[in-house]
Every structure is written in C-alpha cells, then in structure tokens.
Amino acid sequence: MKHLSLSHRLKLGFACVLSLLLCIAAVSTLTLRQAGRDMKIVVEVNATRSELANALLVNIGNMATTVRTVALLTDLKAVDRAAESLRQLDAECIHLENTLRKHLDQWGAQPEELALMDAVIEASRKTRPVIAEAAKLGSDGDNTAAVNTMTTRVAPLEQVWRTQVEKFAALQKSLSTSVVLASTTRHSRVISIQLGLVIVSLLGGAFIAWRITKSVTTPITRMQNTMTEITTSQDFSRRVTVDQMDEIGLSIMAFNAMIENIQEGSTQLARKTADIEAMNKDLSASLEQLKIVKDELVRREKLAALGSLVAGIAHELNTPIGNGLLAMSTLRDEVSALRQDMATKGLQRKTFDTFLATIDNSTDITERSLNRSAELVRSFKELSLDQATDNRRSFSVKEQVEGILLMLQPTLKRMPYKVETCIVEDLTMDSYPGALAQIVTNLVNNALIHGFDGRDSGTINIRVERAAPGFLMLRIADDGKGIAENAMPRIFDPFFTTKMGQGGSGLGLHIVYNVATITLGGTIDVTSSLGHGTECRLTFPLCAPHPANQA
C-alpha cells in the first residue's frame with residue numbers, strides 16, 4: 001500500500017468497505033427473500049390443505065345430519081328435498097376429496113400425508129354407499145330400516161371417516177407449525193450470519209481506516225514536529241524524512257525545499273544584516289556630519305535672512321529719511337540765505353515769498369517722509385506678531401468678518417468693486433481676532449491694490465466653511481488680473497512687491513503668512529491665473545495654539 005498514492009489508497013479502502021457492505025446486503029436480501037418465499041409457500045399450501053380438510057369434515061357432518069333427516073321424516077316432499085341435499089353434499093365431498101388429492105399431487109406431500117389421504121378416501125368409499133342405502137330406505141318410507149341402517153352401519157363408518165379426516169387436519173396443522181418453527185430458526189440463523197458479516201465488515205473497515213489514517217497522520221505528525229523544532233530552535237538544517245511518494249510525500253518534499261530556501265535566505269539575510277549594520281555605522285557618522293553641516297547652514301541662512309531683512313529695512317527707511325534730510329538741509333540753506341539778504345539788502349517781499357514757498361515744500365516733503373517712515377515702522381512691528389497675539393478670546397467668526405468688512409466700508413465705497421460673503425452660522429473660534437483681522441484686511445487690500453489695478457469693476461468673494469473636525473476654511477478669491485507664474489514662488493517673501501516705488505512695501509502677504517501659520521496655527525495655499533483672478537485658501541483650527549512663551 002505504500003507504493004499507492006493517497007487518493008488511490010482512499011479509493012481502495014472505500015471500495016473495499018463498500019464491496020463488503022454490498023455483499024452483506026446482497027446475501028442478506030437473497031437469503032431473507034428465499035426464506036420468506038419458502039415459508040409463504042409452505043404456509044399457504046398447508047393452510048389450503050387444512051381448509052380443505054375442515055371443509056370435508058363439515059360436509060361429512062352435514063351429510064350425516066341430512067341422512068338422519070331422510071330416515072326420520074315421513075313427509076315425502078321433505079324427504080325428497082333432503083335426498084337432493086344429500087346428493088349435493090355427496091358430490092361436494094367427492095369434489096373436496098379430488099381437490100385435496102390434486103393439491104397433494106401438485107405441491108408434493110410426505111408419505112404420512114398420502115397414507116392418511118388414502119385412508120380418508122377409503123373411508124369415504126365405504127361410507128358413502130351405506131349412506132345412500134339408508135337414504136333410499138328413508139325415501140321409500142321404511143323409516144325403521146333406515147334408522148336401523150344409520151345406527152348399525154352408517155354411524156361406525158361415519159366415525160371412521162371423520163377420524164381419518166381429523167387425523168389428516170391435525171397432521172396439516174402439525175406440519176404448518178413445524179414449518180413455521182423451521183422458518184423462524186432459519187431466519188434467526190440468517191440474522192446471525194448477517195450480524196457476523198456486519199461485524200467482520202466493520203472490523204475490516206476499521207482496519208482499513210486505521211491503516212489509511214496511520215499512513216496519513218504519521219508523516220504529517222513528523223512534519224509538524226519538525227516545524228515546531230525549527231520554530232523553537234531556528235535551526236533550518238532539519239529536514240523531514242520522506243517514506244512514500246504520494247501527495248503527502250510530495251508535500252513534505254516541497255516543505256523541505258521551502259526550508260532549504262528559507263535557510264539560504266536566512267544566510268543571505270544574516271550577511272546583508274551585517275552589511276547593513278556596517279552601513280548604519282557609516283550612515284550614523286555621516287548623519288552627525290550632516291547635522292553639523294545643517295546647523296551651520298541654518299545659522300548662515302538665519303544670518304543671510306537677517307542681513308536681507310536689515311538691508312530691506314535700511315533700503316525702505318533710507319528713501320523717506322533721505323528725502324526728509326534733504327528737505328531739512330534745503331530749508332536750512334534757505335534760512336541762511338534769507339539772513340544774509342536781510343543783513344545786506346533788508347527783507348524784500350519777493351525774497352520772503354520765495355522763502356515761504358520753500359518752507360511749504362520742505363515741510364510737505366518732511367511730513368510725507370515721516371509718515372512713510374512711521375508706516376514702515378508699524379509694518380515692521382506687525383512682523384513681530386506681538387500685536388496679533390494680544391487679546392485672545394472666543395468670538396463668532398461671522399460677526400468678526402462682518403466687523404472687519406464694516407471698517408473697510410469707507411474705502412470700498414470710494415471704489416467700484418463688490419465684496420460678497422458666504423459665512424457659516426454659529427461658527428466660534430477660541431483664537432486671536434486681531435490676527436484674523438490682519439489676514440482679511442491685507443488680502444482684501446491686496447486684491448484692491450494689485451488685483452483690480454486699472455480695472456473699473458471686480459468682485460471679491462469671501463467664504464467661511466467647516467473643514468475637518470475642529471477646523472474651518474477661509475476662502476478669499478477675486479476675479480482680478482492674477483499673479484504672474486514667475487512671481488508665485490516669492491509672494492510670501494518680505495519686501496517683494498510688484499509696485500516697488502508706488503507705495504507697496506512688500507510686507508502684506510509676508511505678514512499674512514506669518515500670522516496664519518504661526519499665530520493661528522493654520523495653513524495657506526494660493527492659486528492664481530493671469531486674467532482670471534487669485535484665490536487664497538486658509539485652514540485654521542477652531543482653537544488656536546498657545547504661543548511658546550505661554551506654554
């Protein structure tokens with residue numbers, strides 16, 4: 001069986017058990033059917049013979065009664081009717097005897113049955129003529145002779161006849177009983193044989209199942225134990241022994257091949273792990289160097305940014321301050337010239353008018369230069385974010401934005417531009433309303449100054465909506481000129497403006513970026529297309545982060 005595959009072994013075992021069961025079923029069915037058929041035939045035959053014998057007994061009794069009636073009656077009509085009945089009974093007796101004889105000849109009979117049947121017919125042959133003689137005497141009116149014949153001759157012969165028939169009936173009953181007992185014994189023997197065959201088939205099936213189960217479970221258990229040992233010891237050199245080349249044997253070979261591959265992979269992994277560890281050491285050293293270089297680059301970047309910022313501040317302040325100094329030096333020169341003229345020529349009206357005009361021009365230039373310097377200083381102060389982080393509180397976003405637009409209303413009324421809003425109701429922030437005001441004001445002013453420059457119409461759309469849980473999104477979009485593609489990467493840089501020398505400081509979007517990302521802890525994203533406008537999308541948490549110095 002070892003040379004057979006698992007499927008063939010299972011099929012063979014199933015075929016053997018099925019064959020045993022079919023044999024048992026066939027033998028049992030045939031045996032029981034034959035026993036039942038034999039028992040049925042015997043019982044039916046004996047029952048028929050018993051019925052014929054009983055019917056013959058009844059007819060003998062009826063015949064005897066009818067003969068007595070004929071012998072005792074004096075009414076000739078009644079005697080004739082009784083004689084007719086007697087002839088019919090005699091014919092019926094003959095018919096029953098002939099039927100019983102034919103039944104014995106057809107189905108076979110034992111010698112004892114045949115002897116009794118011959119005795120019955122012999123008694124019938126002797127009794128029937130005497131009965132007929134007694135009946136004739138009675139029908140002739142000789143009742144005394146008829147009664148005497150019945151008493152002395154018919155009664156003994158009738159008793160012999162009846163006795164023989166009763167013996168035959170008793171014999172049929174005894175034969176039927178013995179046949180039933182024999183059939184019952186045979187049936188019990190058949191059942192015992194069947195039970196033995198069932199036990200044998202069960203034992204054979206159990207043995208076959210045990211053999212098949214052992215041939216299946218033994219290699220599987222061996223493979224399982226090997227797997228457990230490999231898992232516990234991580235020793236991939238272990239292999240499972242292959243006893244037979246069936247499905248399980250092929251599975252074990254595949255398992256051994258898999259373990260071999262795992263062993264090779266483990267060896268390669270160990271080598272690669274060692275290489276990676278060496279590389280990690282090199283990378284750690286490189287990372288330390290990179291950290292040092294990064295810190296140096298950050299320091300240089302900060303210094304460069306600081307230098308750029310200082311240069312920008314100096315550049316921005318240099319112009320108004322220079323203009324103011326120039327105006328003051330001009331005014332001082334004019335005062336000196338006026339004094340000289342007054343000392344030599346006296347004060348003339350034309351000279352005094354020229355001096356007053358110079359004073360007006362100088363004071364105007366000085367005032368504008370100082371205002372510009374003050375505005376720049378205020379913008380520089382906003383860069384520190386100190387003002388934006390003052391007065392933190394809970395406020396309604398809708399009310400705050402509407403209040404900001406209300407403050408901008410005087411400026412907006414003088415311009416042909418519209419502002420449309422769509423703000424979610426009952427949206428509350430725990431944040432800095434001043435910072436939000438800076439963002440909205442700068443973005444709206446940016447759209448008015450840069451987006452709608454040279455246009456006689458335009459629309460600013462402000463939308464506030466819920467974003468992710470705990471966040472809101474502020475959208476401020478215009479349909480203005482848009483931003484050039486080459487300027488997009490620098491829009492948040494300080495002092496970058498497309499209106500340099502035309503009143504633009506280049507700090508508006510830089511302030512918006514710092515306030516949005518640092519003060520409010522949000523994000524900002526700007527998209528723009530030339531000729532189609534600009535959209536700023538800002539996402540803020542409803543609860544702003546606390547400054548580091550307040551943590």
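**Salt bridges, helix packing and long-range contacts**

Student: Which residue does Glu 535 form a salt bridge with, and how far apart are the closest N and O atoms?

Tutor: Glu 535 pairs with Arg 537 in a salt bridge whose closest N and O atoms are 3.4 Å apart, where a salt bridge is a side-chain nitrogen of Lys or Arg within 4 Å of a carboxyl oxygen of Asp or Glu. This is a predicted model, in which local features need pLDDT of at least 70 and side-chain atom pairs count only at pLDDT 80 or more, while totals for chains, interfaces and linings use all residues. Residues are numbered from 1 along each chain as its sequence is written, and side-chain values use heavy atoms, with hydrogens and water left out.

Student: Is Arg 537 buried or exposed?

Tutor: Arg 537 counts as buried because its relative accessibility is 19%, whereas Glu 535 is partly exposed at 22%; buried means under 20% relative accessible area, exposed means over 50%, and partly exposed lies in between, with a 1.4 Å probe and protein chains only.

Student: Which residues do salt bridges that share partners join into one network?

Tutor: The network consists of Arg 463, Glu 465, Arg 475, Asp 525, Glu 535 and Arg 537, joined by salt bridges that share partners.

Student: And which residue does Arg 475 form a salt bridge with?

Tutor: Arg 475 forms one with Glu 465, and the closest N and O atoms of that pair are 3.2 Å apart. Arg 475 lies in strand β5 (residues 471-478) and Glu 465 in strand β4, so the salt bridge ties together parts that are ten residues apart in sequence. Strands (E, at least two residues) and helices (H or I, at least four) are DSSP runs, numbered from the N terminus. Arg 475, at 24% relative accessibility, counts as partly exposed, and Glu 465 is also classed as partly exposed, at 22%.

Student: How many salt bridges does the structure hold?

Tutor: There are nine salt bridges in the structure. One of them joins Arg 466 to Asp 426, with the closest N and O atoms 3.2 Å apart. The pair links distant parts of the chain, 40 residues apart, since Arg 466 belongs to strand β4 (residues 458-466) and Asp 426 to the loop between β2 (417-423) and β3 (428-431).

Student: Is Asp 426 buried or exposed?

Tutor: Asp 426 counts as exposed, with a relative accessibility of 65%, while its partner Arg 466 counts as partly exposed at 49%. The backbone of Asp 426 deserves a look as well, with a positive phi of about 40° although the residue is not a glycine. Most residues other than glycine have a negative phi.

Student: New topic: at what angle do the axes of α7 and α8 cross?

Tutor: Helix α7 (residues 397-413) and helix α8 (residues 433-451) have axes that come within 10 Å and cross at roughly 40°. That angle makes α7 oblique to α8, and the crossing is right-handed. Axes are lines fitted to C-alpha atoms, for helices over the stretch in contact, and angles run from 0 to 180 degrees between N-to-C directions. Angles under 35 degrees count as roughly parallel, over 145 as roughly antiparallel, 65 to 115 as roughly perpendicular and the rest as oblique.

Student: What angle do α8 and α9 pack at?

Tutor: Helix α8 packs against helix α9 (residues 508-519) at about 150°, and the axes are 9 Å apart. The angle makes α8 roughly antiparallel to α9, and α8 passes α9 in a left-handed crossing; a crossing is left-handed if the near helix is turned anticlockwise from the far one by less than a right angle, and right-handed if clockwise.

Student: How many residues apart in sequence are Asp 430 and Leu 542?

Tutor: Asp 430 and Leu 542 are 112 residues apart in sequence, yet their C-alpha atoms are 6.1 Å apart in space. Asp 430 sits in strand β3 and is partly exposed, with a relative accessible area of 29%.

Student: And how far apart are Ala 484 and Ser 528 in space?

Tutor: Ala 484 and Ser 528 are 8.0 Å apart from C-alpha to C-alpha, with their positions 44 residues apart in sequence counted as separation. Ala 484 is placed in the loop between β5 and α9 and is partly exposed at 29% relative accessible area.

Student: Last one, where does Ile 262 lie?

Tutor: Ile 262 is in helix α5 (residues 247-344), and its C-alpha atom is separated by 7.4 Å from that of Phe 236, 26 residues apart along the chain. Ile 262 is partly exposed, with a relative accessible area of 35%.
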